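Reader: I have just opened this one and would like someone to walk me through it. Could we take it piece by piece?

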Amino acid sequence: MDASRSDVLILGGGVIGLSCALYLLKGGASVRVLEQGTPGCGSSHGNCGTITPSHAAPLAMPGMLGVALRSMLRSDAPLYLNPRLDGPRLRWLLGFARHCNWRDFQHAAQARSAILQRSRRLLDELVREEKLDCEFVESGGLYVYRSAAKLAADERHHASLLDRLGIPVQRLRGEDVEAMEPVLKPGVRGGLFHPEDARLRPDRYVAELARLVRERGGVIETGARIDRFETDGQRITRVGTTHGDFAGDRVLLALGAWSPLLGRRLGLRLPMQPGKGYSLTYSRPTRVPRYPLVLREAAVCITTWDSGFRLGSTMEFSGYAEGLNRTRIDALRRGAAANLHEPEGPELQEEWWGWRPMSVDEVPIIGPSTRWSNLHLATAHGMLGVSMSAATGELVAAQFGGKQPTFDPTPYSPARFGL
């Protein structure tokens, strides 16, 4: 028996790759995960850990291209497009612009909603049944507004969309929001409360997924950077890494923001760009929010756990430029300080940045490749990888096992991009 071969070879050990590994193992497949770092070391690590059926709406909507272009003049803008000339980024931006219409907006929202709502239910089951130690709390989530105009715009587009999708949303007056959250400074004009949202500590969630994968016989190769593919006709026969060569009857590409870079070696042009996010993690302040907060004008997300307190968000399109952008870290601090009585904890534990895998239509790419007969893709989850992780794993396992998925897989198919 070839010890380097498995039924499924998964490229990528983030939250999506590990979720797929777990559900495939539950279905009886043997699984090996190739991870260039450690499990969850990418965008799975430092995000805000919110589970958000409420985030069904994509960024792409009429007027958003203008917002993105104007952001080039403000390096601290919540949505920032770096003006540096970059051919792949320009092609992605042109594709994104084509999706900034109400028809594509509605199509993307419906596709995102289906996988978000299914994943929310599965995640609750997974945490309870497997007793995951990841600080999961079914708290709901609260959008906070200090601008009447911003509130009215979100009620018109965001809240009305959730109504159509059957996702609960409660419209609140400013005094109601301040009563719910005494940590907020005065001057709140209103809020939107999403009762089905939840929160968890993402690094602990990923660590628990890795534990379950190993306990069920899955193998996780850490520090295994992929450097080549061997192919035969329409099949991928071996994957070469810094830890040796591996093979799988099926290969699953779940590399997040790195997917386009590795995809090129297989002749695939994935219409994706890395959307850079930032976060600051502190020890808990004395006064902390009861709910995960989104401060809408500042575009800052705030999450509290028993073990800490995190400020995060922002979206920066700077290609694959690495490192912290101090201007954007400082913008997170200013946004929190403008809204909270106690915006930071006593000890700063981590300043973090990571790349989110953003598809041009903001719908994940999940399904079989049209180019390679034994390749499957599970990538491009944008800012919602944790929120969509469980349903992605379930869907991939159903597709591999020839079973009927619980929701329509068509909107996520790689075939829509000729992949």
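Author: Gladly, and please keep in mind that this is a predicted model. A good place to begin is strand β15, where Val-300, Ile-302 and Thr-304 point one way while Cys-301, Thr-303 and Trp-305 point the other way, and all of them are buried.

Reader: Why do the side chains go two ways like that?

Author: In a regular strand, side chains alternate between the two faces of the sheet.

Reader: And how many of the residues of β15 are buried?

Author: Strand β15 covers residues 300-305, and 6 of its 6 residues are buried, so the strand is mostly covered, where buried stands for under 20% relative accessible area.

Reader: Which strand is joined to β15 by 3 bridges?

Author: That is strand β14, residues 293-295, which runs antiparallel to β15. Within this pairing, Leu-295 stands opposite Val-300 of β15. The two strands form a hairpin with 4 residues between them, and Ala-299, which lies in the turn, has a positive phi of about 55 degrees.

Reader: What about β16, how does that run relative to β15, parallel or antiparallel?

Author: Strand β16, residues 308-317, is antiparallel to β15, and 6 bridges join the two. Here Trp-305 stands opposite Gly-308 in β16, and the hairpin that joins β15 to β16 passes through 2 residues.

Reader: Changing topic to empty space: how many cavities of 30 Å³ or more does the structure hold?

Author: The structure holds 2 such cavities. The largest cavity contains about 70 Å³ of space, and the second largest has a volume of about 50 Å³.

Reader: What lines the largest cavity?

Author: Its lining includes Arg-112, Pro-357, Met-358, Ser-359, Glu-362 and His-381. Strand β17, residues 348-359, gives the most to that lining, with 3 residues. By class, the lining of the largest cavity divides into 7 nonpolar, 3 polar and 2 charged residues.

Reader: And which residues line the second largest cavity?

Author: The second largest cavity is lined by Leu-59, Ala-68, Leu-79, Leu-81, Trp-92, Leu-93, Phe-96 and Phe-317. That makes 8 nonpolar residues, with no polar and no charged ones. Both β4 (79-81) and α4 supply at least two residues of this lining, and α4 gives the most, with 3 residues.

Reader: Where else does α4 supply lining residues?

Author: Helix α4 (87-98) also supplies at least two residues of the lining of the second largest pocket, as do α9 (259-263) and β13 (272-282). The largest share of that pocket's lining, 5 residues, comes from α4.

Reader: What is the volume of that pocket, and which residues lie nearest its centre?

Author: The volume of the second largest pocket is about 410 Å³. Of the 19 residues that line this pocket, Arg-91, Arg-269, Leu-270, Pro-271 and Met-272 lie nearest its centre. The lining of the pocket is made up of 12 nonpolar, 3 polar and 4 charged residues.

Reader: Let's turn to the rings. How many aromatic pairs are there in the whole structure?

Author: A search of the whole structure finds 9 aromatic pairs. In one of them, Trp-102 and Phe-105, the ring centres are 5.2 Å apart and the planes stand at 90 degrees, so the pair is edge-to-face. These two residues are 3 residues apart in helix α5 (residues 102-130), which means that about one helical turn separates them.

Reader: Is Phe-105 buried or exposed, and what about Trp-102?

Author: Phe-105 is buried, with a relative accessible area of 4%, whereas Trp-102, at 42% relative accessibility, counts as partly exposed.

Reader: What other pair could I look at?

Author: Tyr-320 and Trp-355 also form an edge-to-face pair, with 5.2 Å from centre to centre and 80 degrees between the planes. Tyr-320 lies in the loop between β16 and α10 (326-339) and Trp-355 lies in strand β17, so the pair ties together parts that are 35 residues apart in sequence. Of the two partners, Tyr-320 is partly exposed, with a relative accessible area of 25%, and Trp-355 is buried, at 6%.

Reader: Which residues form a cluster with that pair?

Author: Trp-258, Tyr-320, Trp-353 and Trp-355 form one aromatic cluster.

Reader: Last one: where does a charged end sit over a ring?

Author: The charged end of Arg-371 sits over the ring of Trp-372, 3.8 Å from the ring centre, and the charged end of Lys-26 sits over the ring of Tyr-23, 5.0 Å from the centre of that ring.

Key
Residues numbered from 1 in each chain as written. Heavy atoms only, no water. Buried < 20%, exposed > 50% of the residue type's maximum accessible area, 1.4 Å probe, protein only. Pairing = 2+ DSSP bridges. 1 Å grid on protein atoms, 1.4 Å probe; cavity = no way out; pocket = protein on both sides within 12 Å on 5 of 7 lines; lining within 4 Å. Points joined across faces, edges and corners; volume = space filled by probe spheres on them. Nonpolar A, V, L, I, M, F, W, Y, C, P; charged D, E, K, R; others polar. Phe/Tyr/Trp six-rings, centres within 6.5 Å; stacked < 30°, edge-to-face > 60°. Lys NZ or Arg CZ within 6 Å of the ring centre and 35° of its normal.
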